[in-house]
Amino acid sequence: MLDLTSTPDLGPGNAQAPWVAVPRELLDEVDAAVIVRGADWKVSYWNRGAERLYGYTSAHALGRDLRDLIVPELTLAALGALNREAVAGRPAAGVIELHDQAGRCFPVRVGLRALDGEGDQQPSAVIGFAVGPGSQPRPALSSVSVGHAEIAQLSWLARRGAPLEALFDRAARKAASVLSADCASLIGFRPDEGFVVEAVVGWPGRAPQVPSDEALRYVLRSQRPLVVEDWEHERRVSLPDHMRARGIRATVDVLIGDPESPAGLLSVHYTTPQRSLREHVPFLDALGNVLAEAIDSGHVRETVRRQSLHDTLTGLPNRALLLDHLQHELDFEDHRGKRPAVMVIDLDHFVIVNDSLGHQSGDELLRLVTARLERLMRKGDMFARLGADEFAVLCRDLRSEVTVVRIADRVLGALEEPFTLQTEERVLSASIGIAVSNRTSSAEELLRDADAAMNHAKHRGRGRAELFDKEMRARVLGRVRTESALRAALARDEEISVQYQPLVSLRSGEIVGAEALARWRHPDWGPVAPLEFVPVAEDSGLIHALGAHIMHLAAREARAWQDVAGFRGIAINVSARQLVQPGEVAGLARRVVLAQGIRPGFLTLELTESLLIEELDSARDALGSLTALGVRLALDDFGTGYSSLSYLRDLRFDCVKIDQSLIRNIVDAPRDAAVIDAIIHLAHALDLEVVAEGLETDEQVAGLQALGCDLGQGHRFAPPLAAAEFDALLREPPADWLPRLKGRTGSRSAGTRVP
Ligand code: C2E
Ligand code: MG
Ligand code: MG
């Protein structure tokens, strides 16, 4: 540990320490500035090098906020970014612009390092090493050349599109420092608000309200700067009371912009009478010109910016603006010891409202929701719209997590009050995810965390709020890793294959079909289960590429089986997410059928029940065009979700697959057997074929045969097999595949009969 306060202890204990004790005197000798600051940014160490580079003595600097001392407004973000790296334990070095006591800005090469604190923990101190431009002491500049340098610098910043507030602030500070004034102020003229104080430097006590009207009028009318070397002798304009109270004795006011369309007033003030003040006018004028130009282009920029940063429907800030402000909060959060948080609010089942009432009413509802939630926000929090029915709140200044949970509760409560739409009343609910800054994440990462928490809330039954925690973080990181590996795998086209599991007639024992199951073998991780990568593919949009890949591959491999007597075709799993884009799956199936030369009826598409319900409307259209094509449809995992047979017929399914969770209990639980019995009867009444999934034992097979189930699939017959293996099995099936129906109690025989 670097010990900067005590006398050096070079005892044996220090040999293992990552840092050695360094005597202070030694650090004073180095040519670099060495500064240590605490978590509150207060300087706790300031070596000679820092004194030389920045001009402040150690006595002056100690205990002051480092940012107030040497960090210009425009560097804050860059320093914040470096700081985050350091806090996260990563190497943090770069060149940033800092300024010295005289207000001169110059590039400085800095390296930062957190002195303690690990992971989520905020370090109690950060040490910085800095080397300025050339290690020789810089010659003092004349005030004229400093002035020129400042104007050049300001106009460079303006051209680079620096925000107006930052330019105002810089101009006021430079006016004060270059002209050695006691205070400086910048009054801006805003078209809709009139004159407002934009920046003040060195003003004793409270900042001035709005400038002296008289001075302003004088400058506007005379079109000349107002130069007062001693207010005691001034006759044209009287000294406003608030300035007299602060002991102002001399002033220069120059106009920003032209008198026809004034943009503001830049002023410097002195508490003692001055001589030759008129000499300061050119410098102030030059600053004013740069600002006027920046304001002009700024107004144009501002309108464009506003349009691109706000949502047109609700007028709320959009994702980009939210992220921008969030990042700003994160860069400076430890300043006040409070942490920002972000909350993602997703309206539940909004699609249903939208579809049943029409899009106009949907828009209207979103506006009503916006108005109601906006009222709940605390002052200073930012309420934004991220997308269709997704909103977000940036909570600045969080004292504890309780605050944000309370806001979430209020949001949930407010949505429960009915909304009136076309004389109809609607109640809404929302799923909310919250992520509180952990001091290492970026804005994007934090928003992603809140989103993950929101999804968690949805899975846990909606209408609730969830806080992002460590476990979720691990899951999210795992998902991100899986996603990029899957993307690469799809691009390489080597790691993903298909296995086939036979569908066996429970009457004849013949193999009548096969389910194609996606397999992924990662070069380092080995096989990855579909239950792990399919959901990731669904969330990331990769499901479209994956689905197309599997369908083409399976159709190609299965093509030859069209000639095997009794073999009716293969079943391919399709995610309901693929159905969202109308015509996508039908188009894909059509291409596959044509490209691989198979009959449409050779293909069965399996869809999972629960997902179908969520996307019911888009699914209905998509399924319609698939049946028109002649492709068969199977409802997968039946019995795990809503289990409503009513829409089975409605959606024109040909087949229903009873989930293995129901099958598992058929022997021991008579109630499950009764449920399966009912499903089989109903399905047959609707002219649907029934498949039992996950058959593992002879008893299960016998039980389903007795109930009249048509087909079976499971390890009792065979596990999923590679194409060649399946081909062999298909062409030479085992002789006694079905258990004899009577007189056998049978033992477990999980898939042992596979050749
Ligand atoms: P699923 O469509 O219900 O597939 C049946 C699952 O049950 C397969 O798991 C299969 O290996 C497993 N299984 C088969 N027989 C038995 C048995 O006797 N006992 C037990 N315990 N399990 C058995 P798998 O291959 O891990 O796939 C899991 C799920 O992933 C599939 O469930 C399906 O929903 C999804 N999936 C697989 N491939 C694809 C694909 O290409 N696209 C899409 N969208 N989803 C896929
Ligand atoms: Mg399936
Ligand atoms: Mg299934």
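How far does a polar side-chain atom of Asp-636 lie from an oxygen atom of ligand 1? The distance is 2.8 Å. The exercises below work outward from this residue in what is a predicted model.

**Exercise 1. Describe the surroundings of ligand 1.**

Step 1. Start with the shell. Ligand 1 is surrounded by 23 residues, and the closest are Gln-501, Glu-515, Asp-636, Glu-696 and His-715.

Step 2. Sort the shell by class. It holds 9 nonpolar, 7 polar and 7 charged residues.

Step 3. Find the elements that supply these residues. Strand E19 (511–522), helix H17 (530–540), strand E21 (569–574) and E23 each contribute at least two. The most come from E19, which gives 4 residues.

Step 4. List polar contacts. Besides the contact of Asp-636 at 2.8 Å, a polar side-chain atom of Glu-693 is 3.0 Å from an oxygen atom of ligand 1. His-715 takes part through its backbone, where a polar atom lies 2.8 Å from an oxygen atom of the ligand.

Step 5. Add the coverage. On its own, ligand 1 has 800 Å² of accessible area, and the protein covers 83% of this.

**Exercise 2. Identify the protein donors of the magnesium ion (ligand 3) and place them in the chain.**

Step 1. Name the donors. They are Asp-636 (OD), Asp-637 (OD), Glu-693 (OE) and Glu-693 (OE), at 2.0 to 2.6 Å from the ion. Glu-693 thus appears twice in the list.

Step 2. Read the spacing. Along the chain, the donors follow D-D-x55-E.

Step 3. Locate two of the donors. Asp-636 belongs to strand E23 (residues 632–638), while Glu-693 is in the loop between strand E25 (689–692) and helix H26 (698–707), so the pair ties together parts that are 57 residues apart in sequence.

Step 4. Decide on burial. Asp-636 and Glu-693 are both buried.

**Exercise 3. Do the same for the magnesium ion (ligand 2), and find the residue that links the two ions.**

Step 1. Name the donors. Glu-515 (OE), Asn-573 (OD1), Glu-606 (OE) and Asp-636 (OD) coordinate the magnesium ion (ligand 2) at 2.0 to 2.2 Å.

Step 2. Read the spacing. The donor residues follow E-x57-N-x32-E-x29-D in sequence.

Step 3. Find the link. Asp-636 bridges the magnesium ion (ligand 2) and the magnesium ion (ligand 3), and the two ions lie 4.0 Å apart.

Step 4. Place another pair of donors. Asn-573 is in strand E21 and Glu-606 in strand E22 (residues 603–608); the two are 33 residues apart and link distant parts of the chain.

Step 5. Judge their exposure. Asn-573 has 31% relative accessibility, so it counts as partly exposed. Glu-606 has a relative accessible area of 2% and is therefore buried.

**Exercise 4. Locate Gln-713 and say whether it is buried or exposed.**

Step 1. Place the residue. Gln-713 sits in the loop between strand E26 (711–712) and strand E27 (721–722).

Step 2. Apply the cut-off. Its relative accessibility is 3%, so Gln-713 counts as buried.

Step 3. Look at its contacts. Leaving aside neighbours within four places in sequence, Gln-713 touches several residues, including Gln-501, Glu-515 and Glu-693. Two of these, Gln-501 and Glu-515, are also among the closest residues to ligand 1. Glu-693 is a donor of the magnesium ion (ligand 3).

**Exercise 5. Compare two residues that have a positive phi without being glycine.**

Step 1. Take Gln-223. Its phi is near 55°, and Gln-223 lies in the loop between helix H8 (213–222) and strand E8 (226–228).

Step 2. Take Arg-439. Its phi is near 70°, and Arg-439 lies in the loop between strand E16 (430–436) and helix H15 (443–459).

Step 3. Set the accessibilities side by side. Gln-223, at 52%, counts as exposed, whereas Arg-439, at 14%, counts as buried.

**Exercise 6. Describe the setting of Leu-62.**

Step 1. Place the residue. Leu-62 is in the loop between helix H3 (58–61) and helix H4 (66–70).

Step 2. Judge exposure. With a relative accessible area of 39%, Leu-62 is partly exposed.

Step 3. Find its partners. Apart from neighbours within four places in sequence, Leu-62 contacts Val-43, Ser-44, Tyr-45 and Trp-46. The C-alpha atom of Leu-62 is 7.3 Å from that of Lys-42, a residue 20 residues away along the chain.

Definitions and conventions: Residues are numbered from 1 along each chain as its sequence is written. Chains are lettered from A and ligands numbered from 1 in the order in which they are written. This is a predicted model: local features need pLDDT of at least 70, side-chain atom pairs count only at pLDDT 80 or more; totals for chains, interfaces and linings use all residues. Side-chain values use heavy atoms; hydrogens and water are left out. Donors are N, O and S atoms within 2.8 Å of the metal (3.2 Å for Na, K and Ca); water is not among the atoms, so sites may look incomplete. Buried means under 20% relative accessible area, exposed over 50%, partly exposed in between (1.4 Å probe, protein chains only). A residue is near a molecule or strand if one of its heavy atoms lies within 4 Å of it. A polar contact is a pair of N or O atoms within 3.5 Å; within protein, one must be able to donate a hydrogen and the other to accept it, and residues adjacent in sequence count only if both atoms are side-chain atoms. Accessible areas come from the Shrake-Rupley method with a 1.4 Å probe; for residues, only the protein chains shown count as cover. Ala, Val, Leu, Ile, Met, Phe, Trp, Tyr, Cys and Pro count as nonpolar, Asp, Glu, Lys and Arg as charged, and the others, Gly among them, as polar. Contact means heavy atoms within 4.5 Å.
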